[in-house]
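Trainee: Could we go through this structure together, a piece at a time?

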Amino acid sequence: MVSRESLEEHFNEMGIEVADPVLDKCIELCATYDVGAEEFVETWVSFSLTHSSGNTDKPTAESIAAMERSALAKKQDSTGTPKRKQMTVYNNANSSVNANDDAVLSLYNVTPKGRTCQKRINVTPTVVSDDISSHRSPGTFSPATYSLTAITPSGNFKERTNRNQVLCSYGKEMSSQKSADINLNIEPYGNVIPPNSKYMYRQLHDDADILLDTTTAIGSFIVKKYDLPDPKSITSVSEVDFISIGRIGCDGNGRLNESSIILEGCRWDMNGATMPLRIPPGVEYSLFPGQIVVVEGKNPSRNCLLATKIYSDASVNPSIEIPVFQSKDPLQIIVASGPFTFNDSMLYEPLEDLLLSVEKLEPHIFILIGPLVDADHPLFGDNVSFLATPFQEYHEQIVKKLLDRFRGKRTKIVMVSSMRDACSHPVYPTPPTLSSHSIQSVSDPCLLNISGLIVGATSTDILMHLSKEEISGHSKTDRMTRLVSHLFAQQNFYPLFPSSEEVNLDLSLWEDFAQMTVIPNILLLPSKLRYFVKEINGCIVINPEYLAKGSAGGSFARIAVDSPSNNCWSSVKNISVQIIKV
């Protein structure tokens, strides 16, 4: 390899001064085209004299690049043997082939290229066969990459002892046997986001109108639900209690606290007038920014609204549809949420192991919640040059391999999009990612009607986002139940506003496609928070966690839904759930 000192010396002999960055580029070209220092400097002098009217100019980054195209590349083409060194592309295919080649060569006492010859012992073909299988890469879904580190299997994951351990369960004991076939109809419930939706194009006054209209609608719903008196303006001066409608906000940039609560009025309230809200000791509350509430209280000084009671429950009734499966056997569903790779690898080891369980049980429905290709993967950072495949092609390869695995089987695949996916629109709500007819691609969030069974799902971690912002006092329920209840109470999959910095919220899409128009039978809320299964408001709420958690395996959910008996069916009695370690 050409040294820096040698190249600099040859330039000095020609009376040419070279800046350090340009010299670095010259060294790189010497290595790329396999030329020596003397030959490189002579090529530069010849090029410079030809293109600079007989003068030898000082090399620049632009002129060196021009010389590469004009002289070095042409010289390479004329020889017929390319000198440019090719970067090695690693993927599971060449990894397993190399391992197989090495093992087969060892049968003939031949040293693989690039290896040190060692004393060999006689082995039988059986032993070699076992050796070959032990070197096979698990990375069926891994991308082609220039970095061997990115597809290095995790030793800790392979050595785990809690694989397929049931972490928690709900309902009756579930059978591990494959159930009978069921003819299912899967279709969206409610509005569907068009794949080519426009977003982030509205003006600020349009967003303000959406917030005011939503506050007015939900607030009026609460007033009617609790049969309260007609609401008044939050700016009304009164020494007796009156009813007002508003949206919870914070008067500063920090986290909401008891001293920073403000109430922003609705449409008829001076188009969103604001008033500080104070909660006396003993009043029960559970508040977060963006929450729509009805406040019963007084305002004797016009400077502050003193709450006596806060109403925030605008929840609708649970779905009254009775699922019809036309089978005595239960409907089997498996749910897993991304990321599907560890933080230090692009191998889809957790997904590979999950698919073994899915293929064995062969559920009727397999729900994959994105991201499939996580744009926030730590290995990507600011540089994805180690990938030898574009994101779109990489994504399509994974989908194709999934289809190949389930071709000819009864399992229907449903894929919930995620704005964290490298191939999705970076907006929430997120339009469907795929256009394949073989996989049912749905938006985030979504409501699905599975032959009468209503299932809601979102890939956005609303539970974590709410947990960072919510404040409460004198609450009679546990924190997790309270967080989930906020979604039902606000009739929305993402009631937090302003949204988390992780979420690119588009209010026009949010108004049309993030509303929870019915309480589903099953609600899937994957989160970084600890897994759980809870019955809340007649809905079975499931947090399966993520399939990969940092550098460790996560968990997935298995669901069994019994058919109606004597035309009687309820989510509480007919649904069973297990959270299982991958």
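Mentor: We will look at one strand, then a charged patch, then a contact between distant residues. This is a predicted model, in which local features need pLDDT of at least 70 and side-chain atom pairs count only at pLDDT 80 or more, while totals for chains, interfaces and linings use all residues. Residues are numbered from 1 along each chain as its sequence is written, and side-chain values use heavy atoms, with hydrogens and water left out.

Trainee: Which residues of strand S5 are on its covered face?

Mentor: In S5, which spans residues 274-278, Met275 and Leu277 form the covered face, whereas Thr274, Pro276 and Arg278 form the uncovered one. Strands here are DSSP runs of E with at least two residues, and helices are runs of H or I with at least four, numbered from the N terminus.

Trainee: Why would they take turns like that?

Mentor: Because in a regular strand the side chains alternate between the two faces of the sheet.

Trainee: And which strands pair with S5?

Mentor: Strand S4 (residues 261-265) pairs with S5 in the antiparallel sense over 3 bridges, and Leu263 has Met275 as its bridge partner. Strand S8 (residues 305-311) runs parallel to S5 and is joined to it by 2 bridges, with Leu305 as the partner of Leu277. Pairing requires that DSSP finds at least two bridges between the strands.

Trainee: New topic: where is Lys401?

Mentor: Lys401 lies in helix H10, residues 391-406, and its C-alpha atom is separated by 8.1 Å from that of Thr140, although the two residues are 261 residues apart along the chain.

Definitions and conventions
Buried means under 20% relative accessible area, exposed over 50%, partly exposed in between (1.4 Å probe, protein chains only).
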